Amino acid sequence: MPAPTAPLKPVVDETPTADIVITDLVDNEDDAFALEGINDIPDSAVLAPITTHGEDMEIVDEDRPRFPQAQNDDGAFRIQSRKVPVPPHRFTPLKTNWPQIYPPLVEHLKLAVRMNIKHKAVELRNSKTSAPGALQKGEDFIRAFCLGFDVGDAIALLRLDDLYLETFEIKDVKTLTGDHLARAIGRIAGNQGKTKFAIENASKVRIVLADSKVHILGAYKNIQIARSSVVSLILGKPPGKVYNNLRTVSARMKERF
């Protein structure tokens with residue numbers, strides 16, 4: 001009997017190596033058997049890719065198919081309508097100028113228009129012959145008239161695409177109350193409206209003063225010029241300096257065009 005402190009003998013795996021070789025040979029034989037006859041499969045047994053009827057997909061490369069442009073083939077026409085509320089102080093001018101308001105909407109934009117006296121609003125509806133953006137143009141036209149612009153100035157929104165409306169309050173520029181607010185409005189208008197007309201003629205816009213709100217109709221760059229002049233008058237800048245700036249800006253605009 002060996003002593004308990006004697007070193008243990010290493011365990012030797014006595015499994016014969018012949019069995020491992022035999023299993024490898026068997027596996028190789030199975031793989032060879034499985035690969036035999038793979039080329040003998042008839043073409044009819046291979047499933048072809050399923051294609052839907054009417055599909056126009058074009059394969060440029062193996063991994064990059066190119067699909068045709070998607071189109072809306074349903075052809076469904078959607079009726080859309082807009083309702084523009086009319087302020088009480090603009091309803092009487094709307095009735096007076098109605099013969100000049102509805103012909104451009106009906107003949108030019110091909111819209112259905114009616115004046116709803118009960119709800120104090122103008123209702124617009126598109127048709128199959130109207131352009132995609134006609135309804136929005138008609139709404140802008142009616143909204144410009146309700147803000148106080150003349151019919152001739154508002155019709156320019158229908159004929160030109162680069163005209164916009166911008167509205168801001170005097171309180172957005174500077175907090176004024178009482179007589180200070182009244183004097184700011186007087187500086188913008190000027191004596192008999194001379195200052196307002198000078199800004200309109202120099203910047204080629206139309207301005208409407210409605211209490212403490214200022215509405216500007218014109219092109220984008222022209223609106224920025226007119227707004228800067230109005231803001232300067234609100235902040236207390238003398239009208240003479242505003243006139244000089246307008247002369248400089250108008251001269252630059254003439255040189256540009």
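In the predicted model, Thr195 touches Arg187, Ile188, Ala189, Gly190, Leu233 and Tyr243, residues up to four places away in sequence not being counted. Thr195 is found in helix 8, which spans residues 194-203. With a relative accessible area of 5%, Thr195 falls under the 20% limit and is therefore buried. Among the residues it touches is Tyr243; the two are 48 residues apart in sequence, and their C-alpha atoms are 8.4 Å apart in space.

Several of the contacts of Thr195, including Arg187, Ile188 and Ala189, belong to the stretch assigned to helix 7 (residues 179-189). The buried residues of helix 7 are Leu181, Ala184 and Ile188. Viewed down the helix axis, these residues fall within an arc of 60 degrees, so they line one face of helix 7. An α-helix has 3.6 residues a turn, so residues three or four places apart point the same way. The buried residues of helix 7 pack against helix 6 (170-173), helix 8, strand 7 (206-210) and helix 9. Gly190, which is also touched by Thr195, comes just after helix 7 and takes a positive phi of about 80 degrees.

Strand 7 is part of an open sheet of three strands, with the order 6-8-7 and antiparallel pairing. Strand 6 and strand 7 are the edge strands, each pairing on one side only. From one strand to the next, the twist averages 15 degrees. Strand 6 and strand 8 (residues 213-218) run antiparallel and are joined by six bridges. Within this pairing, Glu169 has Lys213 of strand 8 as its bridge partner. Helix 4 lies across strand 6, strand 7 and strand 8, and runs at about 35 degrees to strand 6.

Another open sheet is formed by three strands in the order 3-5-4, again with antiparallel pairing. Its edge strands are strand 3 (81-85) and strand 4 (112-116), each of which pairs on one side only. Neighbouring strands of this sheet are turned against each other by 15 degrees on average, direction ignored. Five bridges join strand 3 to strand 5 (residues 121-125), and these two strands run antiparallel. Val122 in strand 5 is the bridge partner of Val84. Helix 3 (residues 98-108) packs on the sheet and touches strand 4 and strand 5, its direction making about 150 degrees with that of strand 4. Helix 4 lies across strand 3 and strand 5, running at about 5 degrees to strand 3. Helix 4 thus lies across strands of the 3-5-4 sheet and across strands of the 6-8-7 sheet.

Glu123 is found in strand 5. Its relative accessibility is 17%, so Glu123 counts as buried. Apart from neighbours within four places in sequence, Glu123 is in contact with Arg82, Lys83, Ala112, Val113, Arg114 and Asn116. Two of these contacts are polar ones between side chains: the Glu123 side chain meets that of Arg114 at 2.5 Å, and a polar contact of 2.9 Å joins the side chains of Glu123 and Asn116. The pair of Arg114 and Glu123 also forms a salt bridge, with an N to O distance of 2.5 Å.

The model contains seven salt bridges in total. One of them joins the side chains of Asp161 and Lys137 at 2.8 Å, N to O. Asp161 lies in the loop between helix 5 (151-159) and strand 6 (164-169), whereas Lys137 lies in helix 4 (residues 134-147), so this pair ties together parts that are 24 residues apart in sequence. Asp161, at 60% relative accessibility, counts as exposed. Lys137, at 26%, counts as partly exposed.

A further salt bridge is made by the side chains of Arg227 and Glu166, with an N to O distance of 2.3 Å. This pair links distant parts of the chain, as Arg227 is in helix 9 (residues 220-234) and Glu166 is in strand 6, 61 residues apart. Arg227 has a relative accessibility of 26% and counts as partly exposed. In addition, Arg82, Glu139 and Arg143 are joined into one network by salt bridges that share partners.

Note on methods: Residues numbered from 1 in each chain as written. Predicted model: local features only at pLDDT ≥ 70, side-chain atom pairs only at ≥ 80, totals over all residues. Heavy atoms only, no water. Salt bridge = Lys/Arg side-chain N within 4 Å of Asp/Glu carboxyl O. Helix = DSSP H or I, 4+ residues; strand = E, 2+ residues; numbered from the N terminus. Buried < 20%, exposed > 50% of the residue type's maximum accessible area, 1.4 Å probe, protein only. Pairing = 2+ DSSP bridges. Axes fitted to C-alpha atoms, helices over the stretch in contact; angles between N-to-C directions. Contact = heavy atoms within 4.5 Å. Arc of directions from axis to C-beta. Polar contact = N/O pair within 3.5 Å; in protein donor to acceptor, adjacent residues only side chain to side chain.
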